[in-house]
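Biologist: I would like a close look at a single part of this structure, the salt bridges and where they sit. Could you take me through them slowly, with a beginner in mind?

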Amino acid sequence: MSSVLRPPNSGQDPLIATIYRPISSHLAIAPPVSVVIPAMNEAENLPYVFKTLPDWIHEVVLVDGNSTDDTVEVARELWADVKVVEQRGRGKGDALITGFEACTGDIIVMVDADGSADGQEIVSYVSALVSGADFAKGSRFANGGGTDDMTFIRRLGNRVLCAVVNRKFGARYTDLCYGYNAFWRHCLDKIDLDCTGFEVETLMNIRVVKAGLKVQEIPSHEYLRIHGTSNLRAVRDGLRVLKVIVRERSNRRALRRMAHHSPMLDAGQGEVS
C-alpha cells in the first residue's frame, strides 16, 4: 500500500525516478497525495495557504462554496493544475465529502482555506501514514502542537467533548475539534460520512476508532485566520458535536446488542498512538 525509500540516484532506473515523489533529501514516497481545501470567499487567504503547500503533492482539490469573490480565479493563478469542484450543498462537512469524491490520490489531506494551517506540516502526516497509520490526526494539544486561535470557551468545550469521546469510545485523543487531518483514501469506505457541518471532524474521529483503524496524532500549530471572519459558532457548533457523539454512542450500543446475537457483527476498537 505504501513505499518509503531514499530518493533514487541519477544512476538508477529512470522508471523508479518517475514513480517515487521526493519529499526531502532522505525520503520519497510512491502514493500520490491529494489536498482538499474547502473555501468560500477566501480569495485574500489563498495566497498564504498555497505558499506553504509542498510542490511534491499530486493534486489540489479546491471545493468552492459558491464564492462571490475571486476565490476560484485566485486559486487557478496560484496553482495551475488546481482541480476546482463546485459545492452543491452547504456546510463544511458537505464541502469535504464533495472534495473527497473528486480526489484521485491514495492519500487525502484536509486543509482549511483561512491560513490557519501550515502546509509544510503535511510531510509529518504523510510520514505517519506510510509508516503504518491509517489516519493521521492533527492535534493542537499534543507535545509540539499549539494554537493562536482558541478562546477560553472553545478550549474548555473541546477539552470536555474530547474527554467524553475518549471515555465512551475508548480513544486516547488530545484534541477533538480540529480539521487538519490526513488518511488513506480506502478509509472512506469504512467511516461513511453523513453530516454537513463543522461536526464532520468529530464524526471522522469517532468512526475511525469504531472501525478499528490505526490512528496517529500529529502535533500541529493552528495560526490565526489571516483575513475575514470565521463561520464557527462555539455554542451552536458545540451542541452539534455533542449531538453527533450521542448519536454515535447510541449506534454503538445497538451494534453491540446485535453482536451479542451474532459475533460476526462485533465492532472492534481503533488504536490511537
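Modeller: A residue counts as buried when its relative accessible area is under 20%, as exposed when that area is over 50%, and as partly exposed in between. Keep in mind that this is a predicted model, and that it holds 12 salt bridges. Side chains of opposite charge can pair when their charged atoms come close. One such pair is R207 and E248, whose closest N and O atoms are 2.8 Å apart. R207 lies in helix α8 (residues 200-210) and E248 in helix α9 (residues 234-261), so this salt bridge ties together parts that are 41 residues apart in sequence. Both R207 and E248 are buried, and they also belong to a network of salt bridges in which D194, K210 and R247 are linked with them.

Another salt bridge joins the side chains of R140 and D175, at 2.8 Å from N to O. This pair links distant parts of the chain, with R140 in the loop between β8 (135-139) and β9 (146-147) and D175 in the loop between α6 (152-169) and β10 (181-184), 35 residues apart. Here, too, R140 and D175 are buried.

The side chains of K92 and D112 meet in a salt bridge as well, at 2.9 Å from N to O; K92 is in helix α4, while D112 is in the loop between β7 (107-110) and α5 (122-130), 20 residues away. K92 is buried, with a relative accessible area of 14%, whereas D112 is partly exposed at 21%. As for the surroundings of K92, 9 of the 11 residues of helix α4 (residues 92-102) are buried, so this helix is largely enclosed by the rest of the structure.

Definitions and conventions:
Residues are numbered from 1 along each chain as its sequence is written. This is a predicted model: local features need pLDDT of at least 70, side-chain atom pairs count only at pLDDT 80 or more; totals for chains, interfaces and linings use all residues. Side-chain values use heavy atoms; hydrogens and water are left out. Buried means under 20% relative accessible area, exposed over 50%, partly exposed in between (1.4 Å probe, protein chains only). Helices (H or I, at least four residues) and strands (E, at least two) are DSSP runs, numbered from the N terminus. A salt bridge is a side-chain nitrogen of Lys or Arg within 4 Å of a carboxyl oxygen of Asp or Glu.
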